Amino acid sequence: MEKVVLLKCEEYNTKLIEEKLREGFDLLGGDKFLRELIPYNSKVLLKPNMLAIEEAGSPVITNFNVFEAVIKIIKDYSSNISFGDSPGFGEAKKAAEKSGLLKVAEKYDVKFEDFKESTHVKLDESILCKSWTVAKAPYEADVLITLPKLKTHAMAYFTGAVKNQFGCIPGTLKATWHTRMPKANNFCKMLLDLNSLVNTSFAILDGIVAMEGNGPKSGKPKKMNTMIMGKSLTAVDSTAVRLIGYDNPLDIPVLKEAYDHNWGTVLTKDIQVLGEDIESMKSKDFELCRKGGNFYFISPGVTNFLRDLIAPDPSLIAEKCISCKRCQEVCPEKPRVIKMVNNKGKLQPTWNMKECIRCFCCQELCPCGAIETKYSILGKMLKMNKR
Ligand code: SF4
Ligand code: SF4
């Protein structure tokens, strides 16, 4: 059984939140648990939700009191703590300042990371995506503790512990993922891969004031008086969605993909909820939001047009190709995006770019390095200017 702790906390008061979180850690094993989670002086990165430049106390972002309480607890285990995010909207530093997070961080000598510096890395054991450009700070942290906000999400229905790491994609590169993977199933697989890549270690979800309705940015604050903590991101999210009114966690696209790919614990029967009684904490009138299931920002046509404009394409280096068909075999999209066609007496791949999701499995797994990525001029500009 995967353990999560459900806590009741009725106000944003650092002292009270700290007490509650300490009770939560005690239920998980106390000091021993924390020492295993945070090996002595390891490099810890806190990843709050800083979706946009928002006032301190806004329900869009992780509350600074929760952030401070977490720091007060973990500083006994490491003096090497930093925090950061790459907001979907606006400059990271401004978001950190306005939210009150930066002021708290300075008080405890916690370093701010703006996630501008990126690194190109591979993830061999992926569900979908093997090739990544990701912010260096979360990738290089020893321990990544995510501090998501409990919110509705028009396209994903819910955003919590798993989705919070989308901020580890630097700046405007986030837009290329949205255009590459507008379908919810692929986008959610990508989110799971991203969490494997940055190895998110623990989640503390801020649901004291959650967001209902038109989330993740334009919904209404909803007092839920809760925090949920645990090692399994999917178990934390699965518990959170039960609180807001979903009987079946598989109704949430990212949890469905996680379950289908055996990524973390999702089902209620496999999760032991410690702390508060979940039935007594459930909201009976939480306004859910289920507009999409897909991530088309405007319309499928426009999204695909943007994708073709900014996302990189796989491209063949013909002289290196040995016609092994490996690229065609590993392509996850059905019907097949790659066709082998005769080119001057040699079978070589061609791509149907209208169907290609740019996961680059073909490029990663070509045994001859015969596939490269090609950016359009606009794509190159976005890649260079990641903010
Ligand atoms: S995997 Fe590489 S070498 Fe094999 S057919 Fe595809 S491009 Fe050619
Ligand atoms: S063709 Fe290559 S990049 Fe496109 S979907 Fe298939 S494996 Fe991914």
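Helix 1 and helix 2 sit roughly perpendicular to each other in this predicted model, because an angle between 65 and 115 degrees counts as perpendicular. The angle here is about 90 degrees, and the two axes are 6 Å apart. Keep an eye on helix 1 as you look around, since helix 3 also comes within 8 Å of it, axis to axis. Beyond the helices, the tour below takes in two domains, two ligands and a couple of backbone details in loops.

**Helix 1 with helix 2**
- Helix 2 covers residues 30–37.
- On the helix 1 side, the touching residues are Phe25, Asp26 and Leu28.
- Helix 2 answers with Gly30, Phe33 and Leu34.
- Sort that contact by class and you get four nonpolar residues, one polar and one charged.

**Helix 1 with helix 3**
- Helix 1 spans residues 14–28, helix 3 spans residues 64–74, and their axes cross at roughly 50 degrees.
- That makes the pair oblique, because the angle falls outside the ranges for parallel, antiparallel and perpendicular.
- If you want the handedness, the crossing of helix 1 and helix 3 is right-handed.
- From helix 1, the residues to click on are Thr14, Ile17, Glu18, Leu21, Arg22 and Phe25.
- Across from them in helix 3 are Asn65, Val66, Glu68, Ala69, Val70, Lys72 and Ile73.
- This contact is made up of seven nonpolar, two polar and four charged residues.
- Phe25 is worth a second look: it meets helix 3, and it also takes part in the contact with helix 2.

**Helix 8 with helix 10**
- Helix 8 (residues 184–198) packs against helix 10 (residues 253–260) at an angle of about 70 degrees, with the axes 9 Å apart.
- So helix 8 counts as roughly perpendicular to helix 10.
- Their crossing is right-handed.
- Helix 8 brings Ala184, Asn185, Cys188, Lys189, Leu191 and Leu192 to the contact, while helix 10 brings Pro253, Val254, Glu257 and Ala258.
- Going by class, seven of these residues are nonpolar, one is polar and two are charged.

**The two domains**
- The protein chain splits into domain 1, covering 2–281, and domain 2, covering 312–384.
- Measure between their C-alpha centres and you'll get 34 Å.
- Where the domains touch, eleven residues come from domain 1 and nine residues from domain 2.
- On the domain 1 side, helix 7 (residues 173–180) gives the most, with three residues.
- That side of domain 1 holds four nonpolar, four polar and three charged residues.

**The two ligands**
- Ligand 1 has 13 residues around it, and the nearest are Cys321, Cys324, Arg326, Cys327 and Cys366.
- The shell around ligand 1 contains ten nonpolar residues, one polar and two charged.
- Ligand 2 is also surrounded by 13 residues, with Cys331, Val337, Cys356, Cys359 and Cys362 the closest.
- Around ligand 2, the shell has eleven nonpolar and two charged residues, and no polar ones.
- Cysteines turn up in both lists of closest residues, including Cys321 for ligand 1 and Cys331 for ligand 2.

**Backbone details in the loops**
- Find Gly215 and Pro216, which are joined by a cis peptide bond with omega at about 10 degrees.
- Pro216 belongs to the loop between strand 10 (200–212) and strand 11 (220–230).
- Next, check Asp109: its phi is near 60 degrees, a positive value in a residue that isn't glycine.
- You'll find Asp109 in the loop that runs between helix 5 (101–107) and strand 4 (111–113).

How values were computed:
Residues numbered from 1 in each chain as written. Chains lettered and ligands numbered in written order. Predicted model: local features only at pLDDT ≥ 70, side-chain atom pairs only at ≥ 80, totals over all residues. Near = placed C-beta within 6 Å. Nonpolar A, V, L, I, M, F, W, Y, C, P; charged D, E, K, R; others polar. Axes fitted to C-alpha atoms, helices over the stretch in contact; angles between N-to-C directions. Helix = DSSP H or I, 4+ residues; strand = E, 2+ residues; numbered from the N terminus. Parallel < 35°, antiparallel > 145°, perpendicular 65-115°, else oblique. Left-handed = near helix turned anticlockwise from the far one by under 90°. Contact = placed C-beta atoms within 7 Å. Domains from an automatic or database assignment.
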